[in-house]
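Hello,

Here is the structure I promised to pass on. Please look it over before reading my notes below.

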Amino acid sequence: MTIKGKVALVTGAGQGIGRGIALRLAKDGADIAVVDINTDKMAEVAAEIEELGRKATTFKADVSARAEVYAAVEHTEKTLGGLDIMVNNAGIAQVDPRRCNTGGRRAHPENQYPRCSLGDPGCRCEIQIAGP
Ligand SMILES: NC(=O)c1ccc[n+]([C@@H]2O[C@H](COP(=O)([O-])OP(=O)(O)OC[C@H]3O[C@@H](n4cnc5c(N)ncnc54)[C@H](O)[C@@H]3O)[C@@H](O)[C@H]2O)c1
């Protein structure tokens with residue numbers, strides 16, 4: 001299967017895993033909508049994608065706000081001519097660290113990771129919005 005010429009939207013693409021996914025998809029031939037809350041980082045990643053010879057567009061959206069995800073999908077379709085691949089990378093959910101059962105710092109009531117992405121309702125929301 002090839003993804004050459006497909007359009008991918010990657011949330012949280014400004015850095016980290018999302019940036020890595022966006023660049024990999026671009027290397028494999030996809031055009032990329034870089035979606036994040038950090039505009040400076042989005043611009044840097046978009047420039048990297050264009051250096052790879054693919055189209056890139058940026059859109060500032062907070063994935064915890066449903067309307068902003070709708071707007072990101074609409075922007076992608078208008079700017080890049082469609083949407084074939086949705087990567088729901090940015091995912092944030094409020095969790096009670098005392099209920100985390102993974103041991104180490106996460107298990108401690110005063111741990112430094114009060115958020116985690118497991119079972120994130122935001123991701124399900126994005127899939128609904130991007131779907132047919
Ligand atoms: N790195 C890990 O080991 C690991 C492990 C399990 C899960 N995850 C999850 O994978 C995802 C990416 O991890 P990472 O390490 O690359 O994170 P990161 O913090 O390096 O990058 C996250 C990116 O998402 C953007 N972002 C944050 N909140 C956002 C929001 N509400 N809407 C849109 N964009 C937002 C940030 O600006 C940033 O560019 C996160 O959801 C994280 O919880 C990461």
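Start with the weak part: over residues 100-123, pLDDT stays under 50. pLDDT is the predictor's confidence in each residue, from 0 to 100. For residues 100-123 the model has 37 contacts beyond four places in sequence. A contact means that two C-beta atoms, placed from the backbone, lie within 7 Å. Where pLDDT is low, the predicted coordinates should not be read in detail. The protein chain as a whole averages a pLDDT of 82, and 70% of the residues score at least 70.

Two notes on conventions. Residues are numbered from 1 along each chain as its sequence is written. This is a predicted model, so local features need pLDDT of at least 70, side-chain atom pairs count only at pLDDT 80 or more, and totals for chains, interfaces and linings use all residues.

Overall layout

The protein chain has 4 helices and 6 strands. Both are DSSP runs numbered from the N terminus: helices are H or I with at least four residues, strands are E with at least two. Along the sequence the pattern is β-α-β-α-β-α-β-β-β-α. Of the 132 residues in the protein chain, 33% are buried. Buried means that 20 or more other C-beta atoms lie within 10 Å of a residue's own; exposed means 12 or fewer, and partly exposed is in between, with C-beta atoms placed from the backbone. Among contacts with a separation of 6 or more, 60% come from residues 24 or more positions apart.

Strands

β2 (31-36) is mostly covered, with 6 of its 6 residues buried. Both of its faces are covered. D31, A33 and V35 are buried on one side, and I32, V34 and D36 on the other.

β2 runs parallel to β1 (residues 7-11), joined by 5 bridges. Strands count as paired if DSSP finds at least two bridges between them. L9 has A33 of β2 as its bridge partner. Together, β1, α1 and β2 make a right-handed β-α-β unit. Right-handed means that, with the strands pointing away from the viewer, the path from the first strand over the helix to the second runs clockwise.

β2 and β3 are also parallel and joined by 5 bridges. V35 stands opposite F59 in β3. The chain goes from β2 through α2 to β3 in another β-α-β crossover, which is right-handed.

Helices

I checked the helix lengths against an expected span of 1.5 Å times one less than the number of residues. The arcs below are those of the directions from the helix axis to the C-beta atoms.

α1 has 12 residues, which should span 16 Å; its end C-alpha atoms are 17 Å apart, which agrees. G18, R19, A22, L25 and A26 are its buried residues. They fall within an arc of 130° seen down the axis, so they line one face of α1. They pack against β1, β2, α2 and β4 (85-87). The face turned away from them carries exposed G16, R24 and K27. Just after α1, G29 has a positive phi of about 110°.

α2 (residues 39-51) has 13 residues and reaches 19 Å between its first and last C-alpha, close to the 18 Å expected. M42, V45, A46 and I49 are buried. Their arc is within 105°, so they too line one face of the helix. They pack against α1 (16-27), β2 and β3 (56-60). On the other side, D40, A47 and E51 are exposed. G53, just after α2, takes a positive phi of about 90°.

α3 (residues 66-80) should span 21 Å with its 15 residues, and its end C-alpha atoms are 21 Å apart, which agrees. Its buried residues are V69, A72, V73, T76 and L80. They cover an arc of only 95°, which puts them on the same side of α3. A67 and K78 are exposed on the other side. G81 follows α3 with a positive phi, near 85°.

One residue to look at

A13 lies in the loop between β1 and α1. A13 counts as buried because it has 33 C-beta neighbours inside 10 Å. Leaving out residues up to four places away in sequence, A13 touches G18, R19, A22, V34, V35, D36, M42 and V45. N89 is 76 residues from A13 in sequence, yet the two are 7.7 Å apart in space, C-alpha to C-alpha.

Best wishes
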